[in-house]
Amino acid sequence: MKRRVIVGSAMVVLGAAVAACNDGPTAPRVAATVDVLSARQITDTIGVSLVDPMMVRVADAAGHVIAGAKIEFSAAIRGDTGSASFAAVSFKATADGVATNTFAVSSDSAGVASAFLRLGLGAGDFIVRAHAVGTAASDSIALTIRPGGTASLSVLPRDTLVTVGEAFPLLVRALDRGGTLIPLPDTLRLETRDVDVVSLDTGTVIHIAGVGHTFVVASAGVVRDSVAIDALPHGPILAYNFRTFAPLAAFFLFDLDGSGYHAIDESKIGFNDRGQYFLPDGNRVVFHESADDEGHLALLTMSLDGTTSPLLEPGGDILSASRPQPSRDGAWVYFTATVASGTAEIWRVSIDGATRERIGPIASPSEIYLAPSPSPDGTRLAVTVDRTGLQDQIYLGVMSVATGDVQLIRLSSGGSPRWSPVADEIAYFGQAKLWVVAPDGEVLLGPITAPHSWDVDHGQIDWSPDGRWLIACMQGTFSGDRSLVIVSRETGEVTPLPFTVRDNLCGAAWRP
């Protein structure tokens with residue numbers, strides 16, 4: 001009669017071993033059963049090394065234990081409730097041994113094979129299987145791997161542009177060290193670095209209270225993440241897309257956070273300098289456009305649905321009209337007139353197109369006048385004075401509308417002046433930098449550089465209606481790349497508008 005001795009949880013059949021010795025050599029026995037002797041259900045946390053091994057006993061069809069049977073341990077996903085992109089379990093021969101993703105061991109003299117389990121970093125439900133190699137015999141246990149504690153926080157959206165008055169929720173996610181989403185911890189806190197820019201509501205809703213740059217920080221103990229907030233004033237902005245080869249250059253209208261982005265007036269042949277600025281009503285712009293195949297330019301107005309109307313056609317003393325800027329009262333549009341002598345002068349046309357007249361000196365080959373920008377009260381113009389014909393250079397000047405007298409205030413080597421709508425301040429490009437100066441030439445801000453070079457040839461500068469911000473165009477890494485940035489009048493800080501890269505936007509005008 002066979003006697004069974006219980007050692008721990010393993011059942012060893014002694015009689016079978018004695019019979020083998022007494023009966024002489026026998027044919028190798030094949031494993032018919034593999035039975036788990038340890039716990040059949042395990043639940044623990046990611047990354048844990050289990051103290052107790054998984055133990056199995058292997059026996060033949062008659063129930064006799066088999067020594068030397070090769071047992072392979074493996075893990076697999078159970079059902080559809082969990083998955084991992086890496087091994088759910090790794091195995092070790094001893095508690096302090098080296099873990100491997102695949103593991104095989106021979107059963108001992110008692111028919112027992114064991115493996116120590118180290119849980120992976122993927123939470124979910126799995127099975128761990130012990131299989132007798134070369135047979136169909138196997139058994140398994142159920143394994144549930146729980147997520148770990150909070151190892152990281154993720155706040156969405158990432159660094160973002162928003163406009164004043166917006167309110168939106170932040171998506172805060174907590175992850176364990178395996179990257180599994182877990183419930184937000186009770187210790188989660190949100191705080192803003194500048195309450196004048198961002199205020200916090202209950203939960204994770206933030207309100208954009210003012211213009212500026214700040215951070216919102218989410219923290220749980222020592223774990224934290226943050227999102228940068230650039231809170232911008234409202235537009236809208238009208239810009240054109242700079243095109244190196246394609247003949248059409250559409251206007252695009254949008255707010256500074258990218259909302260409301262859409263194209264208008266896609267039918268015109270555009271130049272890489274449209275010169276558009278809003279009329280005071282904010283519902284129309286004035287810009288220059290091709291008048292003929294010889295490159296002469298005319299002035300047009302356009303409503304925001306893309307409908308255009310002629311304002312000034314070349315004729316008489318004016319061969320071409322460009323760079324228009326309306327007066328702040330909307331009565332006049334000042335522009336650069338290329339005249340019959342081949343030089344450039346400052347002219348203006350009434351908003352109904354009925355009256356056109358020269359303002360300022362008659363140009364000569366040695367001194368020409370360009371790009372007029374009227375002061376808020378309409379009595380003066382900021383102009384570019386090109387004296388390269390006198391082997392002098394290019395200046396920023398201030399012209400009296402009443403007398404035509406010009407005072408040279410800055411050696412500029414550039415142009416595109418734009419007078420502030422609310423102050424005696426003129427923004428312009430000079431020496432490839434952006435400056436803000438007083439009408440007497442005193443530097444108020446600058447020099448300001450862009451992340452890439454300013455587009456001083458095709459770009460233009462405009463002010464926000466409150467005079468607190470500037471918008472301008474910069475070049476990119478490759479030829480033809482253009483995008484827009486805004487500049488704080490107070491600090492000179494430059495904030496790129498990344499969404500304007502897609503269509504190479506340039507030449508922006510701020511809607512009043």
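I began with the contacts in the protein: of those between residues at least 6 apart in sequence, 51% join residues at least 24 apart. Note to self: this is a predicted model.

Next I checked the make-up. I found one helix and 45 strands. The protein has 512 residues, and 47% of them count as buried. About 23,000 Å² is exposed, with 53% of that supplied by carbon and sulfur atoms.

Then I looked at a sheet. Five strands make an open one, running β4-β11-β10-β6-β8 with mixed pairing. I have β4 (41-45) and β8 (103-106) down as the edge strands, each pairing on one side only. On average, neighbouring strands here are turned by 25° against each other, direction ignored.

I zoomed in on one pair from that sheet. Strands β6 (residues 70-77) and β10 (residues 124-132) run antiparallel and share seven bridges. Ile 77 sits opposite Phe 126 of β10.

On to the cores. The largest nonpolar one has 33 residues, and Leu 238, Leu 256, Ile 471, Leu 484 and Leu 497 have the most contacts inside it. Several strands give two or more residues to this core, including β22 (237-241), β26 (284-290), β42 (469-475) and β43 (482-488). The top contributor is β45, with five residues.

I picked Leu 484 and listed its contacts, skipping neighbours within four places in sequence. Among them are Ala 239, Phe 254, Ile 471, Pro 496, Leu 497 and Leu 505.

Last entry: I found another core apart from that one, with 30 residues. Ala 31, Ala 69, Leu 119 and Ala 130 are among its members.

Note on methods:
Residues numbered from 1 in each chain as written. Predicted model: local features only at pLDDT ≥ 70, side-chain atom pairs only at ≥ 80, totals over all residues. Heavy atoms only, no water. Helix = DSSP H or I, 4+ residues; strand = E, 2+ residues; numbered from the N terminus. Buried < 20%, exposed > 50% of the residue type's maximum accessible area, 1.4 Å probe, protein only. Contact = heavy atoms within 4.5 Å. Areas by Shrake-Rupley, 256 points an atom, 1.4 Å probe, with all protein chains shown as cover. Pairing = 2+ DSSP bridges. Axes fitted to C-alpha atoms, helices over the stretch in contact; angles between N-to-C directions. Core = buried A, V, L, I, M, F, W, Y, C linked by side-chain atoms within 4.5 Å.
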